[in-house]
Amino acid sequence: MSEQTPISPSEDGETETDGQPPAETPGETADQAATRDETAEERTTDGPVTTGAEAVVAALEAAGADMLFGVQGGAIMPVYDALYDSEELTHVTMAHEQGAAHAADAYGIVSGDPGVCLATSGPGATNLVTGIADASMDSDPMIALTGQVATDMVGNDAFQETDTVGVTQPITKHSYFADDADTIGSDVGEAFALADEGRQGPTLVDLPKDVTKGETDVQAITPEKPDTYNPPTTADDDAVADAARVLAEAERPVILSGGGVIKADASDELRGFAKEYGVPVVTTMPGIGSFPEDHELCLEWAGMHGTGYANMAITNTDCLLAVGTRFDDRLTGDVETFAPDAEVIHVDIDPAEISKNIEADHPLIGDAKQVLRQLDDAMESAYDAADASPESYEAWRENCQTWKEEYAMSYDTPDDEPLKPQYVVERFSELADDDAIVSTGVGQHQMWASQYWTYTEPRTWVSSHGLGTMGYGVPSAIGAKLAAPDQEVVCFDGDGSFLMTVQELSVAVREDLDVTYVILNNEAVGMVRQWQDGFYEGRRMASEYPWIPQFDMLAEAFGARGFRLEDYDDVDDVIEKARSYDGPAVIDAIIDPAENVYPMVPSGGDNGLFALNDDQLEDI
């Protein structure tokens, strides 16, 4: 194993040292290291002698953190000892480090501020990796703090040693190795600020035990992002004017609202823009809630299992205004057939996403909130120049409405077949609070929860998109509830996904969290089984369970309240009983094992050629 050293990325930030000659890091000159050291001195003040661990806690407090999720261990113990006296930070002990990462991730999604997770060295740190990668793929703000063996043991294969920086560098905005008690606080503060700045994402600080136990008189101040990280705010005015002209001249415009709209708190701007100009709105799956799904302009979400009408609109648009999306493959299908006739206006804060997957004819690089305001300001003159107005889109809006009627989301409920999962989701949506938060695991249940629940507000949809992490549901509901204690939280999970992190139910019970878990139980890894039936000639290898627990009884063993649901006549009653229970409740909903998720576009297919049932899938 190679020795861990502080790293210095080209743009995301730099590791600071103080009180010793600056150490050069890979790709950094001595002058750059000296500048880095001077910056660290400017950001700190002298004070009473304390420890590196206490500096970590002080930095979190100065950053405004209030909730931490973690699991104790030897190398991180000094930090936990320092937490003992904190009056501002609340720590939630999770059952597994992966659960801590997912809970922190969900906390960040719902609150908008970085969630914080902690783990010890070695297996503790590596158990966080899935959750960190998940946050990275979905651009969720999170900071991970990991214990590490003492610096003089690094590289010696010491007990519970892992090159945490090396492991996590590809899946974080930056991973820091805190090698000095005098700069450990600024490392944590900078990591916190970086996670929240620009395109949000996870950061990590690795904390050697001798450094957290070491003495320092440097006091924490308000965290600051790295001087080298300066994401754009507003787009080029000429580029905005050109984009406005294209939109004004269009006959069939569509707004594609991505997760970046929610991250930028730009939902109000997007809603106002769409309504003012009468432009139909399609969301990505991470963008669910950015535009109200009960509004006549909303076509809901597009992609592999998106609505037929959303996919038809994108396939036929002549101007696509895409805001805060990275055009992932589950959205686009075959990029050659994605919005083939459209001029693409792409708004994104990250220049790396521009033309990465879909060629942008009009790139607008900047913060979504600010760029939408710029675009709004430019529309009046653009309409005048084009001798057009929002009324020009009337025929297009009517066309989109026709598709909504032709390809309406529907399902059958025959009396001689088991309970349909769509009905359970739809009825819960109708009975729940308007601002209820929905979290999910990953699989068929995730698709049904996104398709048949009506979302009207941002930050009410909490799920794993890019990484597709089974097991995300149970711990994410915990993080969501603690971020929004006054809002109803419902977690839809599958039997397979629930079993991966079921231990976190003990945390929900211990913390007395009023969360309802609904397991759409088909005794299979349903999405895998669906693909095997559709594309592998029905060879169901390792996708069905010959035996699974009775989840309602398992819930009772954990101290939660368990309910079993099998009949349509009981759906409303069971849902209301679970909702009224003051604590964690688990509904084991026994659903039709043959039910599949539709619409469906085969992987890499043409979004305009979607299947609405099994027979159509065979013909594509």
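So, salt bridges: the count comes to 26 in this predicted model, where a salt bridge is a side-chain nitrogen of Lys or Arg within 4 Å of a carboxyl oxygen of Asp or Glu. Quick housekeeping: residues are numbered from 1 along each chain as its sequence is written. Local features need pLDDT of at least 70, side-chain atom pairs count only at pLDDT 80 or more, totals for chains, interfaces and linings use all residues, and side-chain values use heavy atoms, with hydrogens and water left out.

Let me walk through a few of those bridges. Arg245 and Glu249 pair up, with N to O at 3.4 Å. Both sit in helix α9, residues 237-249, four residues apart, about one turn of the helix. Helices here are DSSP runs of H or I with at least four residues, strands are runs of E with at least two, and both are numbered from the N terminus. An α-helix has 3.6 residues a turn, so residues three or four places apart point the same way. As for exposure, Arg245 is partly exposed at 35% relative accessibility, and Glu249 is partly exposed at 47%. The cut-offs there: buried is under 20% relative accessible area, exposed is over 50%, and partly exposed is in between, using a 1.4 Å probe and protein chains only.

Now one that reaches across the sequence. Arg459 forms a salt bridge with Asp265, and the closest N and O atoms are 2.9 Å apart. That pair links distant parts of the chain, 194 residues apart: Arg459 is in the loop between α17 (444-452) and β16 (461-462), while Asp265 is in the loop between α10 (259-263) and α11 (267-277). Which of those two partners is buried, and which is partly exposed? Arg459 counts as buried, at 14% relative accessibility, and Asp265 counts as partly exposed, at 47%.

Two more before I move on. Arg539 meets Glu537 in a salt bridge, 2.9 Å from N to O, and Glu537 is exposed, with a relative accessible area of 71%. Then there's a network: Arg199, Asp350, Glu353 and Lys356 are linked by salt bridges.

What about charges without a partner? Glu54, Asp81, Asp85, Glu87 and Glu88 form a negative surface patch. Patch residues have over 30% relative accessible area and no salt bridge, with like charges joined within 9 Å, and nonpolar side chains (Val, Leu, Ile, Met, Phe, Trp, Tyr) within 5 Å. The areas come from the Shrake-Rupley method with a 1.4 Å probe, and for residues only the protein chains shown count as cover. Lys and Arg count as positive, Asp and Glu as negative, and His and the chain ends are not counted; the place of a charge is NZ of Lys, CZ of Arg, CG of Asp or CD of Glu. If you want to find one member of the patch, Glu88 is in the loop between α3 (77-83) and β3 (90-93).

On to cysteines. How many disulfides does a search of the whole structure find? Zero, taking a disulfide as a pair of cysteine sulfur atoms within 2.5 Å. For Cys319, the nearest cysteine sulfur is that of Cys400, 13 Å away, and Cys319 is buried, at 0% relative accessibility. Why no bond for Cys491? Because the closest cysteine sulfur, in Cys117, is 19 Å from its own, which is too far. Cys491 is buried too, at 0% relative accessibility.

A few backbone spots to click on. The peptide bond from Tyr598 to Pro599 is cis, with omega near 5 degrees, and Pro599 falls in the loop between β20 (585-590) and α24 (614-619). Gln160 isn't a glycine, yet has a positive phi of about 55 degrees. You'll find Gln160 in the loop between β5 (142-148) and α6 (164-168), partly exposed with a relative accessible area of 29%. Ala339 is another non-glycine with a positive phi, about 45 degrees. Ala339 lies in the loop between α13 (329-332) and β13 (343-348), and counts as buried at 6% relative accessibility.

Last stop, helix α18, residues 473-483. Of its 11 residues, 10 are buried, so α18 is largely enclosed by the rest of the structure. Among the buried ones are Val474, Pro475, Ile478 and Lys481. In the loop between β16 and α18 there's Leu467, partly exposed at 34% relative accessibility. The C-alpha atoms of Leu467 and Ala135 are separated by 8.6 Å, although the two residues are 332 apart along the chain.
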